[in-house]
Amino acid sequence: QVELVESGGGSVQAGGSLRLSCAASVITGNIDSLGWYRQSREYQRVRVASISSGGSTNYEDSVKGRFTISRDNAKNMVFLQMNSLKPEDTAIYYCKAIVAIGPRTYQYWGQGTQVTVSS
């Protein structure tokens, strides 16, 4: 019922910026929270940032002050602006949506987009 498509990944030098986008196609239900996660060879998938339907945000400590999550509810999109990128930010970034369908909630994942930061 929900398809998530990420875009905006790529390769950048340390100190550079990238902006990730995620478009959600929702057939049934309402999108509650949206988030960005990342997974690298060394670490399991972890949450980078999330944003509630009301706009409240949360960030993983290592990205605070550098990354900004935002959403466009009218377009069912979520964005991640990444500034001052570091080599340790290199990972596959995934978009996640929590969707309410009736009394239940479901989570959906995008296919991921690669971000590579070189030193």
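The legends below describe close-up views of a predicted model.

**View 1. The largest pocket and its lining.**
The largest pocket of the predicted model has a volume of about 320 Å³. Its lining consists of 14 residues. Nearest the centre of the pocket lie Ser40, Tyr43, Glu88, Thr90 and Ala91. Two or more lining residues come from each of β4 (30–39) and β9 (91–101). Sorted by class, the lining holds 5 nonpolar, 4 polar and 5 charged residues.

**View 2. The largest nonpolar core.**
This core is made up of 28 residues. Leu4, Trp36, Phe67, Val78, Leu80, Met82 and Tyr93 have the most contacts inside it. The elements that give two or more residues to the core are β1 (2–7), β3 (18–26), β4, β5 (46–51), β7 (67–72), β8 (77–82), β9 and β11 (113–118). Of these, β9 supplies the largest share, 5 residues. In soluble globular proteins, nonpolar side chains tend to be buried together.

**View 3. Pairing of β3 with β1 and with β8.**
Strand β3 pairs with β1 in the antiparallel sense, over 6 bridges. Within this pairing, leucine 4 stands opposite alanine 24 of β3. Leu4 is also one of the residues with the most contacts inside the largest nonpolar core. Strand β3 is joined to β8 as well, by 6 bridges, and these two strands run antiparallel. Here arginine 19 has glutamine 81 in β8 as its bridge partner.

**View 4. The two faces of β7.**
The side chains of β7 alternate along the strand. Phe67, Ile69 and Arg71 point to one face and are buried. Thr68, Ser70 and Asp72 point to the other face and are not buried. In a regular strand the side chains alternate between the two faces of the sheet. One residue of the buried set, Phe67, is among those with the most contacts inside the largest nonpolar core.

**View 5. The hairpin of β7 and β8.**
Strands β7 and β8 run antiparallel and are joined by 6 bridges. Arginine 71 has valine 78 of β8 as its bridge partner. Between the strands of the hairpin there are 4 residues. Asparagine 76, in the loop between β7 and β8, has a positive phi of about 55° although it is not a glycine. Most residues other than glycine have a negative phi. Asparagine 76 counts as partly exposed because its relative accessibility is 28%.

**View 6. Serine 84 in the loop between β8 and β9.**
The loop that follows β8 and leads to β9 contains serine 84. Serine 84 is not a glycine, yet its phi is positive, at about 50°. With a relative accessible area of 42%, serine 84 is partly exposed.

**View 7. An aromatic cluster of Tyr37, Tyr94 and Trp109.**
The whole structure contains 2 aromatic pairs. In the pair of tyrosine 37 and tryptophan 109, the ring centres are 4.9 Å apart and the planes meet at 70°, an edge-to-face arrangement. Tyrosine 37 is in strand β4 and tryptophan 109 in strand β10 (residues 104–109), so this pair ties together parts that are 72 residues apart in sequence. The rings of tyrosine 94 and tryptophan 109 have their centres 6.5 Å apart and their planes at 85°, so this pair is edge-to-face. Tyrosine 94 belongs to strand β9 and tryptophan 109 to strand β10, so the pair ties together parts that are 15 residues apart in sequence. These ring pairs link Tyr37, Tyr94 and Trp109 into a cluster. Tyrosine 37 is buried, at 16% relative accessible area, and tyrosine 94 is buried, at 11%. Tryptophan 109 counts as partly exposed, at 31% relative accessibility.

**View 8. Proline 103 in the loop between β9 and β10.**
Proline 103 has a relative accessible area of 87% and is therefore exposed, the cut-off being over 50%. Its C-alpha atom is separated by 34 Å from that of arginine 19. Along the chain, proline 103 and arginine 19 are 84 residues apart. Arginine 19 is the residue whose bridge partner in β8 is glutamine 81.

Conventions
Residues numbered from 1 in each chain as written. Predicted model: local features only at pLDDT ≥ 70, side-chain atom pairs only at ≥ 80, totals over all residues. Heavy atoms only, no water. 1 Å grid on protein atoms, 1.4 Å probe; cavity = no way out; pocket = protein on both sides within 12 Å on 5 of 7 lines; lining within 4 Å. Points joined across faces, edges and corners; volume = space filled by probe spheres on them. Nonpolar A, V, L, I, M, F, W, Y, C, P; charged D, E, K, R; others polar. Core = buried A, V, L, I, M, F, W, Y, C linked by side-chain atoms within 4.5 Å. Buried < 20%, exposed > 50% of the residue type's maximum accessible area, 1.4 Å probe, protein only. Pairing = 2+ DSSP bridges. Phe/Tyr/Trp six-rings, centres within 6.5 Å; stacked < 30°, edge-to-face > 60°.
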